[in-house]
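Open the model in your viewer and keep the selection panel at hand. The tour has three stops: the ligand, the cavities and the cysteines.

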Amino acid sequence: MSTSLNRRTWLKSGALLAAGFGTGAAMGFPSLAKAGTVSHLSTTAIPSTNMAEVLAKLPKMQARLTSNENPYGPSQKAKEALIGAIEDSFRYPREKIKALQEAIAEEEGVAVENILLGAGSSELLMAAALRYAAKGSSILSADPTYNSLIRTAVNHGSGWIKVPLTADYSHDLEAMEKQVNDDISLVYIVNPNNPTGTITNSDKLRVFCDRVTVKKPVFIDEAYMDYVQNPKQQSMVDCVQRGKDVIVARTFSKVHGFAGLRVGYVVALPETIKALNQYTNGRGNISATSASAALASLHDKEFVADCVMKNQETKDFLYTVLKNQGYTPLDSHTNFVMFPIKMRGERFTQEMLKRGVGLRSWEFYGQQWCRVSLGTMEDMELFASAFGQIS
Ligand code: PLP
């Protein structure tokens, strides 16, 4: 399916939505769509596949391309630190967490009071959701985007105001700014975005943050920021340095390969950190082993650069496979790629899974999509072979 066709379908679905049709609830999507505030701008972005159900029924994955993990991690240095920390792991991890917090603060160019650690960034997304959820107020975000913070907020009484992405699948900052009013409790932006993998221009986003934080806090989820060019320049941490009420979330789950070790953090103003900390298990709910490994990985720049390079190689390979078969992937700045598919997402994921390849499907803008994480080259070759049989 061509991109122009996609755009037409999208615009058509936008017109239907403007007329009050096709809301998540009307399309039969469960709790999130029903509970959230559905604005006239909204589309719906609930993954169309229930992975738990699919996995229970189908054969084991040979290539696990479902969750944007780093197939090369953790680094050798992180593993050694992990093992080294076992010896005194009978102690509570205070010192290890303090050392990690100090190292992250230095790396980010902020004070330790600006850092809150969590067992993965999910813990901190949940803290933010609980902090800002309130009946009568809403979270403002793009649609589609990563919905864990939004889901928690909606489950605690919040509404959800959704704004479609622009034609190049970046955040529509102008449209979002227009939606910021007294009823918005938090603006949530994922950059680069998940599930689309696309990026929003950092200069424009910085201006947006500076303007919007005069009224409301802005949460920037930078889970995939390590994969972009010049992450330091594209990150919104400098907004915090300049005293803006911006909360930047980062995770070790992606480029550092820590998805199973669970380490994440936010950078924010000290008063915001204190407020968020009310909703966590204390200053860093991380094991001593994971904190030690994260400290080693933080300084392992060579490992990170190597993973980014391999990620680019597999991405280039995947683009070639998709384009040779007439598919148009979105421009990914992450370790996953989104592309429109020609059959129902559920059927597509099941057919791929039968061939040993786990991935995920979405439905938005009137189109079925596949999101495939970038695995090793071997994984991607398996993807290519399975895809060739069913595309
Ligand atoms: N934010 C985004 C955009 C993600 O895609 C993910 C996980 O895939 C997370 C946050 C949560 O990551 P973790 O809890 O592993 O840090």
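Select the ligand and the 13 residues around it. Ser121, Ser122, Tyr224, Thr251 and Ser253 come nearest. Keep in mind that this is a predicted model.

Now show the polar contacts, one residue at a time.

- Ser121: look at the backbone. One of its polar atoms is 2.7 Å from an oxygen atom of the ligand.
- Ser122: look at the side chain. An N or O atom there sits 2.5 Å from a ligand oxygen.
- Tyr224: the side chain again. A polar atom lies 2.7 Å from an oxygen atom of the ligand.

How much of the ligand's accessible area does the protein cover? The ligand on its own has 400 Å², and the protein covers 93% of that.

Next, color the shell around the ligand by residue class. Six residues are polar, four are nonpolar and three are charged.

Leave the ligand and turn to the cavities. The structure holds two of 30 Å³ or more. Go to the largest, with a volume of about 40 Å³. To display its lining, select Asn70, Pro71, Tyr72, Tyr227, Cys307, Asn311, Thr314, Asn335, Leu374 and Gly375. Color this set by class too. The lining splits into five nonpolar and five polar residues, with no charged ones.

Stay on Cys307 for a moment, one of the lining residues. Cys307 is buried, at a relative accessible area of 2%.

Last stop: the cysteines. How many disulfides does the structure hold? The count is zero. Select Cys209 and Cys239, then draw a distance between their sulfurs. Cys239 has the cysteine sulfur closest to that of Cys209, at 4.5 Å. A disulfide needs the two sulfur atoms within 2.5 Å, so this pair is too far apart for a bond. Is Cys209 buried or exposed? Cys209 is buried, with a relative accessible area of 0%.

Terms used: Residues are numbered from 1 along each chain as its sequence is written. This is a predicted model: local features need pLDDT of at least 70, side-chain atom pairs count only at pLDDT 80 or more; totals for chains, interfaces and linings use all residues. Side-chain values use heavy atoms; hydrogens and water are left out. A residue is near a molecule or strand if one of its heavy atoms lies within 4 Å of it. A polar contact is a pair of N or O atoms within 3.5 Å; within protein, one must be able to donate a hydrogen and the other to accept it, and residues adjacent in sequence count only if both atoms are side-chain atoms. Accessible areas come from the Shrake-Rupley method with a 1.4 Å probe; for residues, only the protein chains shown count as cover. Ala, Val, Leu, Ile, Met, Phe, Trp, Tyr, Cys and Pro count as nonpolar, Asp, Glu, Lys and Arg as charged, and the others, Gly among them, as polar. On a 1 Å grid over the protein atoms alone, a cavity is a set of points where a 1.4 Å probe fits but cannot get out, and a pocket is an open set with protein on both sides within 12 Å along at least five of seven lines; lining residues have an atom within 4 Å of a point. Grid points are joined across faces, edges and corners, and a volume is the space filled by probe spheres set on the points. Buried means under 20% relative accessible area, exposed over 50%, partly exposed in between (1.4 Å probe, protein chains only).
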